[in-house]
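Please open the model in your viewer and keep the selection panel at hand. The stops below can be followed in order, each one beginning with something to select.

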Amino acid sequence: MEFSAPRGTKDILPEEILNWKRIEEISRTIFRIYGYEEISTPIFEETSLFTRSIGEVTDIVQKQMLNLEAKEPRLSLRPEATASVARAYIEHSFHKKQGLTKLFYIGPMFRSERPQKGRLREFHHIGVEAIGVTNPFLDAEAISLCAGLLKNIGVEDFLLKINSLGCKQDKERLAKVLKELLEKKVNSLCVDCQNRFHKNIFRILDCKNQGCREIVNKIDLKGKFLCADCQKYFNQVLGALKQLNIPFEVSNQLVRGLDYYTHTVFEISHSSLGSQDALGAGGRYNNLVKDLGGPDLGAVGFALGFERVLMAAKSKENIKNPLTEVFIATLGEKAFEAGFNLLDKIRKSGVSSQIDFEAASLKSQMRQANNLKAKLVVLIGDEELKNNSVVLKDMVSGNQENISLENLIEVVKKRL
Ligand code: HAM
């Protein structure tokens, strides 16, 4: 085999695609119920959009971005869509049209990570962004939407971890607190984290290195950086989640790998997924729209990793659409021509139908009908041609009946 799909990418084959469509359909239905409209943004954007929003010193920007070879402006395949949606929101002046804009997207994202189970270079997000309002109940609504969506898809027993990073000043305070707590341990951190200590200290909290984890796990950040207003806001989010009966675990060390977050951050994980256990994540990003040149408006959103959701979904069996309802078996050239005309009529009546183009034996045509799981077979031979009729065979009961061509569509619809 000369070519295979690039490392970290996957073909989605016909037998898998029905499950994808099922999840897409459930998502669209639920998004509509929650008042979200669909948006589709380009697969690539100016690199600086991602550097400015996700953050210069993040793994996504430093290690995982797939850059295109275009010269100016520099372009990158999108590693996520929050930045793109915020860019589109500003570009199309959504804030002039409505107070709260709720947008959803389903599409491919690209990160040049080392591929492993649940970690791809091309993967898909089901995501939402609610831009224009800062209200703890909207944060709770986004989390409830995320959890409800997972349940409807058939994912159970997931764990929701939540934290608050507070406002801009709180984040600065958090950075200072972390500096003080980690100062004496810098030399015991991994090389990346020693660099992060100076450039973006939050990222030390996400480090997967065992040594760093041990140091980080001993840090207690509770009550050390949130201002009274932000603590109140966070308590309201937690209160609303309790009201909605959504179980959660507060995790002081959850900071997320993207710099744009403020206030609420959350992550949903599933134990069946192994080391890449995050099914989805999100949070509030109150400064992003302003930082990208738009109005000073709050926003909240999340994205689920489509492939990981598929892995964790309980109902793994594919829903088989009967692709072929009627199979037309013909004997002889004239019969084929008549069958070919009939094929068109049956399809135009909304019924799926196939014919054998290779003029194989009747036995082989019946085998094909079986393989395609056709419910009905229309048989046409010389005799039928003469009488302007066909034989209609019910593949489940085995019953056969002679039907005039004139009545065929009507009878087929009754028998299906
Ligand atoms: P994220 O945590 O980077 O957040 O990605 C969200 C989800 O995408 C992850 O929880 C995971 O399920 C999936 N994912 C990420 N990387 C990969 C990969 N290499 N292979 C397979 N799946 C992956 C965001 O991207 C934010 N934009 C979420 C958000 C929306 N925050 C606010 N609004």
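Begin by selecting helix H4, residues 82–91, in this predicted model: the helix lies across strands S4 and S5 (122–131), and its direction makes an angle of about 45° with that of S5.

Next, display the sheet to which these strands belong, an open sheet of eight strands in the order S1-S4-S5-S10-S9-S8-S6-S7, with mixed pairing. Its edges are strand S1 (37–38) and strand S7 (249–250), each of which pairs on one side only. If you zoom in on S1, you will find two bridges joining it to strand S4 (residues 101–110), the two strands running parallel, and you can pick out glutamate 37 together with leucine 103, its bridge partner in S4.

Now move to helix H10, residues 228–243, which lies across strand S6 (159–164), S7, strand S8 (262–269) and strand S9 (278–284), and which runs at about 160° to S6.

For the nonpolar interior, select Leu178, Leu182, Ile204 and Leu221, the residues that touch the most other members of the largest nonpolar core, which has 55 residues. Helix H4, the starting point of this tour, gives the most to this core, with six residues. Centring the view on leucine 221 and leaving aside residues up to four places away in sequence, you should find that it touches Leu174, Val177, Leu178, Leu181, Leu205 and Asn252. Apart from the largest core lies another, of 43 residues, including Trp20, Val300, Phe306 and Val309.

Then show the ligand, which is surrounded by 27 residues, the closest being Glu80, Thr82, Glu113, Tyr261 and Ala278. Three side chains deserve a distance label here. An N or O atom in the side chain of glutamate 80 is 2.5 Å from a nitrogen atom of the ligand; for tyrosine 261, the corresponding distance from a side-chain N or O atom to a ligand nitrogen is 2.6 Å; and a polar side-chain atom of tyrosine 260 lies 3.0 Å from a nitrogen atom of the ligand.

Finally, select asparagine 200, in the loop between helix H8 (191–199) and helix H9 (210–217). Is asparagine 200 buried or exposed? Its relative accessible area is 9%, and because buried here means under 20%, asparagine 200 counts as buried. Its side chain makes a polar contact, at 3.0 Å, with the side chain of aspartate 259; with residues up to four places away in sequence left out, asparagine 200 touches Val57, Thr58 and Asp259.

Note on methods: Residues numbered from 1 in each chain as written. Predicted model: local features only at pLDDT ≥ 70, side-chain atom pairs only at ≥ 80, totals over all residues. Heavy atoms only, no water. Pairing = 2+ DSSP bridges. Helix = DSSP H or I, 4+ residues; strand = E, 2+ residues; numbered from the N terminus. Contact = heavy atoms within 4.5 Å. Axes fitted to C-alpha atoms, helices over the stretch in contact; angles between N-to-C directions. Core = buried A, V, L, I, M, F, W, Y, C linked by side-chain atoms within 4.5 Å. Buried < 20%, exposed > 50% of the residue type's maximum accessible area, 1.4 Å probe, protein only. Near = heavy atom within 4 Å. Polar contact = N/O pair within 3.5 Å; in protein donor to acceptor, adjacent residues only side chain to side chain.
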